[in-house]
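Subject: Structure for your files

Hello,

Here is the structure I said I would pass on. My notes on what was found in it come after it.

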Amino acid sequence: ISSASLSLIFSITALAPLLSLVTAILLPEKRSKGVAGVKTQITSLLSALRQPRIHRPLAFFFLQYALVPSVSETMLFFATDVLKFSPEFLAAQGVIAFLALLLGSVIYSRFVSGKNIAFDTIFFYSQLALAVISLGDLLLVLRLNIAWGIPDVAFVIASDSVSTIISRLAMQSFFIIAARVCPEGCEAALYAFFMSTSNFGSTVSGIFGSFVTPYFDVSSGEYGGLAGLLAFRSACMILPLFLVRSLLAGQSPQKDE
């Protein structure tokens with residue numbers, strides 16, 4: 001890749017946040033009430049977090065990610081070093097993932113939303129399905145898909161698409177819960193806190209994955225213990241199932257009266 005191409009890529013990448021910044025500056029908004037307004041928001045937020053209907057789902061959304069080690073970077077190296085996936089295919093895989101997200105949203109709207117399905121049921125079966133589908137990475141590393149006559153490209157696209165759709169079903173429910181439990185007066189602060197907590201759980205998942213990976217003798221170019229690492233990851237994905245009923249109990253899909 002030439003330096004000119006790199007400059008163009010980084011320029012295009014920077015365009016979206018630049019447009020967001022310009023839009024934020026141009027949007028009219030009320031002036032802040034200063035320090036007193038900030039103190040009021042903090043007090044309201046702390047008061048809300050003491051409510052079980054808020055801090056219990058908040059704890060679940062954090063632990064749902066934090067209890068599972070992320071192996072995404074390791075699998076990326078495996079895909080390029082062993083499977084010899086090209087940058088073009090990896091880019092196309094990302095596009096397919098976004099299409100799967102859209103499909104997941106459509107499926108949720110048509111077949112889940114308004115069906116009075118309890119949120120804990122949605123999260124339980126979504127997490128269980130994701131744990132089962134995660135074994136696909138293990139089959140890929142063990143090359144069992146080749147033994148069954150399934151090409152690597154087709155196997156990866158199929159498993160990633162299905163897992164993305166299921167993840168979207170759970171994420172849609174997460175958005176609804178986060179928006180619904182926010183009490184009047186601190187809606188924005190608490191909703192942002194929900195999003196930040198979920199993102200922090202993903203960060204902890206990455207740290208967890210970086211911590212345990214060396215114990216399975218997995219490093220750059222060395223993937224002998226990758227199967228064990230993936231099996232451990234899949235086993236960890238079972239742990240959130242034991243938290244669903246206790247932390248998400250009482251979260252009804254019906255609006256509060």
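The largest nonpolar core has 26 residues, and Ile54, Phe60, Phe61, Phe123, Leu190 and Phe194 have the most contacts inside it. Please keep in mind that this is a predicted model. Two or more residues of this core come from each of α2 (35–49), α3, α5, α6, α9, α10 and α12 (241–248). The largest share, 5 residues, is that of α9.

Phe123 shows how some of these elements meet. Leaving out residues up to four places away in sequence, Phe123 touches Phe60, Phe61, Gln64, Ala170, Ser173, Phe174, Ile177, Val244 and Leu248. A second core, separate from the one above, has 19 residues, including Met75, Ala79, Val141 and Ala227.

Overall fold

The protein chain has 12 helices and 0 strands. Its C-alpha trace spans about 60 × 50 × 40 Å along the principal axes. Of the 257 residues in the chain, 35% are buried. Among contacts with a separation of 6 or more, 82% are between residues 24 or more positions apart.

Pockets

The largest pocket has a volume of about 1,400 Å³. Its lining is made of 45 residues, and Ser72, Asp137, Ser163, Ser167 and Arg233 lie nearest the centre. The elements that give two or more residues to this lining are α3 (52–66), α4, α5 (87–112), α6, α7, α9 (152–180) and α10. With 11 residues, α9 gives the most. By residue class, the lining divides into 24 nonpolar, 16 polar and 5 charged.

The second largest pocket has a volume of about 220 Å³. It is lined by 13 residues, with Glu73, Thr74, Phe77, Ser210 and Thr213 nearest its centre. Two elements, α4 and α10, give two or more residues to that lining, and α4 gives the most, with 4 residues. Here the division is 3 nonpolar, 9 polar and 1 charged.

Cavity

How many cavities of 30 Å³ or more does a search of the whole structure find? The search finds 1, and the volume of the largest cavity is about 30 Å³. The residues that line it are Gln93, Ile96, Ala97, Ala100, Ile157, Asp160, Ser161 and Thr164. Both α5 and α9 give two or more residues to this lining. The lining residues divide into 4 nonpolar, 3 polar and 1 charged.

Helix α11

The buried residues of α11 (residues 226–236) are Leu226, Ala227, Leu229, Leu230, Arg233, Ser234 and Cys236. They pack against α4 (72–81), α6, α7 (135–141) and α10 (187–212). Two of these residues have already come up: Ala227 is in the second core, and Arg233 is among the residues nearest the centre of the largest pocket.

Two single residues

Ser126 is found in helix α6 (residues 119–133). Is Ser126 buried or exposed? Its relative accessible area is 6%, under the 20% cut-off, so Ser126 counts as buried. The side chain of Ser126 reaches the backbone oxygen of Ile122 at 2.7 Å. Not counting residues up to four places away in sequence, Ser126 touches Ile166 and Ala170. Ala170 is also one of the residues touched by Phe123.

Ile150 has its place in the loop between α8 (144–147) and α9. The relative accessible area of Ile150 is 31%, which lies between the 20% and 50% limits, so this residue is classed as partly exposed. Apart from neighbours within four places in sequence, Ile150 is in contact with Asn145 and Phe155. Ile150 and Leu140 are 10 residues apart along the chain, and their C-alpha atoms are separated by 9.9 Å.

Summary

Three of the points above concern α9. This helix gives the largest share of the largest nonpolar core, gives the most to the lining of the largest pocket, and gives two or more residues to the lining of the largest cavity.

Regards

Conventions
Residues numbered from 1 in each chain as written. Predicted model: local features only at pLDDT ≥ 70, side-chain atom pairs only at ≥ 80, totals over all residues. Heavy atoms only, no water. Buried < 20%, exposed > 50% of the residue type's maximum accessible area, 1.4 Å probe, protein only. Polar contact = N/O pair within 3.5 Å; in protein donor to acceptor, adjacent residues only side chain to side chain. Contact = heavy atoms within 4.5 Å. 1 Å grid on protein atoms, 1.4 Å probe; cavity = no way out; pocket = protein on both sides within 12 Å on 5 of 7 lines; lining within 4 Å. Points joined across faces, edges and corners; volume = space filled by probe spheres on them. Nonpolar A, V, L, I, M, F, W, Y, C, P; charged D, E, K, R; others polar. Core = buried A, V, L, I, M, F, W, Y, C linked by side-chain atoms within 4.5 Å.
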